[in-house]
Amino acid sequence: MLRSLVDAGRRRFGRDGVLVLAWAGSAAQLVDGVTVSSVLRTTVGDPSKETILWRILGNPAARDELRAVRKIAIDEAPTIQGRWMDRLEFMLRKVSPSPALEVLLFGGRRVLGTSRLIPSCLAASCWCVVGPARHWCLTLATPLSLASSVILSWGWFCSRRGSVAAPGFRGAR
């Protein structure tokens, strides 16, 4: 299913217009994509997104490659650590085709994250319906994954806004 969605995107936006990512090299080979670290031109141990940005902006080929991307398909997205998702989102915003797109998530690009738990019909509907809205979408397969995804998503969004504590929480600060 992922391959057919990617092929449709490539027909619409061209081969360079669709970026297929995976965390592991073996997974990237299976989906005809690249790893997150290779698209960011870094190693997994590189700690600073500013360093990565400096490296990308200093390499015109890498910068132009990221600017050309219009859709991103991330295979097995839950395997990618949050800090790497932040770095990827930061880079795509900073190399967006226009300054107006820098304020949008992923620089205004459409993003689809897949997992082996997500049925094909949900992935396709997510790509077609939510994708044009130009924001990250979570697709859910079971009630347990729904609860888990909501909790993890809430934690990610709260971490972007600063620390948040539950009402009545008396933990150490």
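**Exercise 1.** In this predicted model, find where R41 lies, and work out whether R41 is buried, partly exposed or exposed.

*Solution.*
Step 1: Look at the loop between α3 (36-39) and α4 (49-57), which is where R41 lies.
Step 2: Check the backbone. Phi of R41 is near 55°, a positive value in a residue other than glycine.
Step 3: Take the relative accessible area of R41, which is 30%. Buried means under 20% and exposed means over 50%, with partly exposed in between. R41 is therefore partly exposed.

**Exercise 2.** Now try D32: which loop holds D32, and what is its phi?

*Solution.*
Step 1: Go to the loop between α2 (25-30) and β2, where D32 is found.
Step 2: Read the phi of D32, a positive value of about 55°, although D32 is not a glycine.
Step 3: Add the surface. D32 has a relative accessible area of 36%, so D32 is partly exposed.

**Exercise 3.** Put the four strands of the open sheet in order, and explain why one side of β2 and of β4 is left without a neighbour in the sheet.

*Solution.*
Step 1: Write down the order, β2-β1-β3-β4, with parallel pairing.
Step 2: Look at the edges. β2 (34-35) and β4 (110-113) each have a single partner strand, so one side of each has no neighbour in the sheet.
Step 3: Move to β1 (residues 18-22) and β3 (residues 71-74), which run parallel and are joined by four bridges. Here L19 stands opposite I72 in β3.
Step 4: Place helix α1 (residues 2-13), which packs on the sheet and touches β1, β3 and β4. The direction of α1 makes about 150° with that of β1.

Terms used
Residues are numbered from 1 along each chain as its sequence is written. This is a predicted model: local features need pLDDT of at least 70, side-chain atom pairs count only at pLDDT 80 or more; totals for chains, interfaces and linings use all residues. Side-chain values use heavy atoms; hydrogens and water are left out. Two strands pair if DSSP finds at least two bridges between them. Helices (H or I, at least four residues) and strands (E, at least two) are DSSP runs, numbered from the N terminus. Contact means heavy atoms within 4.5 Å. Axes are lines fitted to C-alpha atoms, for helices over the stretch in contact, and angles run from 0 to 180 degrees between N-to-C directions. Buried means under 20% relative accessible area, exposed over 50%, partly exposed in between (1.4 Å probe, protein chains only).
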